[in-house]
Amino acid sequence: MKIKGFGGIFWRTKNLEDIKKWYSKVLNIEIENWNGTIITPQSGNETIFSFFSEDDRYFPTEQQVMLNFQVENLDDSIKHLEKIGVPLAKEKTIHEFGKFVWIEDPEGRRIELWEKE
């Protein structure tokens, strides 16, 4: 068996319509009538699958899953977030794997935005 990539990310939400609007506005993800979207990877796009221990503080310990979206230009993404009034949960950091910022959705889930170096 060979894994080709993730087939989807699914979770329950308290307010479906509000969360759909937020992801559409903030991350420019066009949510379809079936309550989802298909993101088609482009060349150079990667999906990371990684485990964290229960007490790792990389993202909130009460959050079981964190989404990471790879973006083309992190600085442009930050400008977009500032323009629409979405605060950063953590300031931009630069590591060997690239540049990162974090935001939170309306239900408090931490989301990581990543520009690969």
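Let's start with a pair of charged side chains: Lys 92 and Asp 75 form a salt bridge, and their closest N and O atoms are 2.9 Å apart. This pair links distant parts of the chain, since Lys 92 is in strand S2, Asp 75 is in helix H2, and 17 residues separate them. Keep in mind that you're looking at a predicted model. How covered up are the two partners? Lys 92 is partly exposed, at 33% relative accessibility, and Asp 75 is also partly exposed, with a relative accessible area of 34%.

From Lys 92, you can follow strand S2 (residues 90–95) into its pairing with S3: the two strands run antiparallel, joined by four bridges. One bridge to look for is between His 95 and Gly 98, which lies in S3. The link from S2 to S3 is a hairpin through two residues.

Now stay with S3 for a moment. Is this strand mostly buried or mostly open to the outside? Six of its seven residues (98–104) are buried, so the rest of the structure largely encloses S3. On to its pairing with S4 (residues 110–116): S3 and S4 are antiparallel too, and seven bridges hold the pairing. Val 101, for instance, has Leu 113 in S4 as its bridge partner. These two strands also make a hairpin, this time with five residues between them, and Gly 108 in the turn has a positive phi of about 85°.

That loop between S3 and S4 is worth a visit, as it holds Arg 109. You might guess that a charged residue in a loop would stick out, but check the number: Arg 109 has a relative accessibility of 17%, and buried means under 20%, so Arg 109 counts as buried. What does its side chain meet in there? Arg 109 and Asp 105 form a salt bridge, 2.8 Å from N to O. Asp 105 is buried as well, with a relative accessible area of 4%. Salt bridges with shared partners tie Asp 105, Glu 107 and Arg 109 into one network. The side chains of Arg 109 and Glu 107 also make a polar contact of 3.2 Å. Looking past its neighbours within four places in sequence, you'll find Arg 109 in contact with several residues, including Trp 11, Tyr 23 and Gln 63.

Next, head over to helix H1, where Lys 20 sits. Here's another charged residue that counts as buried, at 16% relative accessibility. Lys 20 shares a salt bridge with Glu 17, at 3.4 Å from N to O. Both residues lie in H1, three residues apart, which is about one turn of the helix. Glu 17 is partly exposed, at 43% relative accessibility. Setting aside residues up to four places away in sequence, Lys 20 touches Ile 31, Glu 32 and Asn 35. A search of the whole structure turns up six salt bridges.

Finally, take a look at the outside. Phe 6, found in the segment before H1, is partly exposed, with a relative accessible area of 46%. Together with Phe 49 and Phe 51, Phe 6 makes a nonpolar surface patch of about 420 Å². Then there's Gly 85, in the loop between H2 and S2, which counts as exposed at 57% relative accessibility. The C-alpha atoms of Gly 85 and Val 26 are separated by 9.2 Å, though the two residues are 59 residues apart along the chain.

Definitions and conventions
Residues numbered from 1 in each chain as written. Predicted model: local features only at pLDDT ≥ 70, side-chain atom pairs only at ≥ 80, totals over all residues. Heavy atoms only, no water. Buried < 20%, exposed > 50% of the residue type's maximum accessible area, 1.4 Å probe, protein only. Pairing = 2+ DSSP bridges. Patch = residues over 30% accessible without salt bridge, like charges linked within 9 Å, V, L, I, M, F, W, Y side chains within 5 Å. Areas by Shrake-Rupley, 256 points an atom, 1.4 Å probe, with all protein chains shown as cover. Salt bridge = Lys/Arg side-chain N within 4 Å of Asp/Glu carboxyl O. Polar contact = N/O pair within 3.5 Å; in protein donor to acceptor, adjacent residues only side chain to side chain. Contact = heavy atoms within 4.5 Å.
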